[in-house]
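Reader: I should like to request a close look at one part of this molecule, set within an account of the whole. The material is placed below for reference.

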Amino acid sequence: MIRLEGLNNIPFSMHDLAMWLPGNELLLTHGNSIIRVPPPYNSGSLVKEMNYADWGDLTVNHQGTQLAVRIDNHVYTMGIDSNNMRQVTTSNFKESKPVYSPDSKYLMIGSNYRQSSVMGYSWDMKIIPNDGNTYNVDPVEANSQGVLPVIWKGQDRIIIGSGDVIWK
């Protein structure tokens, strides 16, 4: 049995994340660090030190080659080795909850991320190309060309998301 309790004598917190990568590696967040841990899970390597006041919503694409993360109010992508970090969203509001399409050609973004109840948040669901360009996903201003609001067939309003989002 392997028990991961923390790193450098600092215990994991309920805000730290763990996700699987191809090859049964783990990708962990711990404090301000993103760490990659291969089997047999007894040591890891630093992917990136996140020296930002507000960051989170880290996700990895299905191929395990690219990460998406919210930094402050916008979404960024970078290679699994932390190279080529690029801001991919912009607006006058907060974007959050990026999710990769199965082929990694698109990102679903939570735009206009806002508190909707005492303990809950909601956002407008939009899809952008994952091509390294920056897309305006503002709910008030005109969106950049290529931004697709997610709307159910037969409806005329964008879908509002909350909770966890999975794209399979």
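Among contacts in the protein between residues at least 6 apart in sequence, what percentage join residues at least 24 apart? Please then examine closely the part around strand β5.

Author: The model is a predicted one. Of the contacts between residues at least 6 apart in sequence, 36% join residues at least 24 apart.

The protein as a whole provides the setting. It has 17 strands and zero helices. Its radius of gyration is 17 Å, close to the 15 Å that the globule rule gives for 168 residues, so the protein is as compact as a globular protein of that length. Along the principal axes, the C-alpha atoms fill a box of roughly 50 × 35 × 30 Å. Buried residues account for 43% of the 168 residues. The accessible surface comes to about 9,900 Å², and carbon and sulfur atoms contribute 50% of that area. As for charge, the protein carries 13 positive and 16 negative charges, and the mean positions of the two sets are 5 Å apart.

I turn now to the part requested. Strand β5 spans residues 33–37 and is mostly covered, with four of its five residues buried. It pairs with strand β4 (residues 25–30) in the antiparallel sense, over five bridges. Between β4 and β5 lie two residues, and the two strands form a hairpin. G31 is in the turn of this hairpin and has a positive phi of about 65°. Within the β4–β5 pairing, L28 stands opposite I35 of β5.

Strand β5 also pairs with strand β6 (residues 45–49), again in the antiparallel sense, here over four bridges. In β6, L46 is the bridge partner of I35. I35 therefore serves as a point of reference in both pairings, facing L28 in one and L46 in the other. In general terms, strands of a sheet pair through backbone hydrogen bonds, in either a parallel or an antiparallel sense.

Another group of strands may be set beside this part. Four strands form an open sheet in the order β7-β8-β9-β10, with antiparallel pairing. Its edge strands are β7 (55–60) and β10 (86–87), each of which pairs on one side only. Strand β9 (residues 74–79) pairs with β10 in the antiparallel sense over two bridges. There, T77 stands opposite R86 of β10.

Terms used. Residues are numbered from 1 along each chain as its sequence is written. This is a predicted model: local features need pLDDT of at least 70, side-chain atom pairs count only at pLDDT 80 or more; totals for chains, interfaces and linings use all residues. Side-chain values use heavy atoms; hydrogens and water are left out. The radius of gyration is taken over C-alpha atoms; the globule rule is 2.2 Å times the number of residues to the power 0.38. Buried means under 20% relative accessible area, exposed over 50%, partly exposed in between (1.4 Å probe, protein chains only). Contact means heavy atoms within 4.5 Å. Accessible areas come from the Shrake-Rupley method with a 1.4 Å probe; for residues, only the protein chains shown count as cover. Lys and Arg count as positive and Asp and Glu as negative; His and the chain ends are not counted. The place of a charge is taken as NZ of Lys, CZ of Arg, CG of Asp or CD of Glu. Two strands pair if DSSP finds at least two bridges between them.
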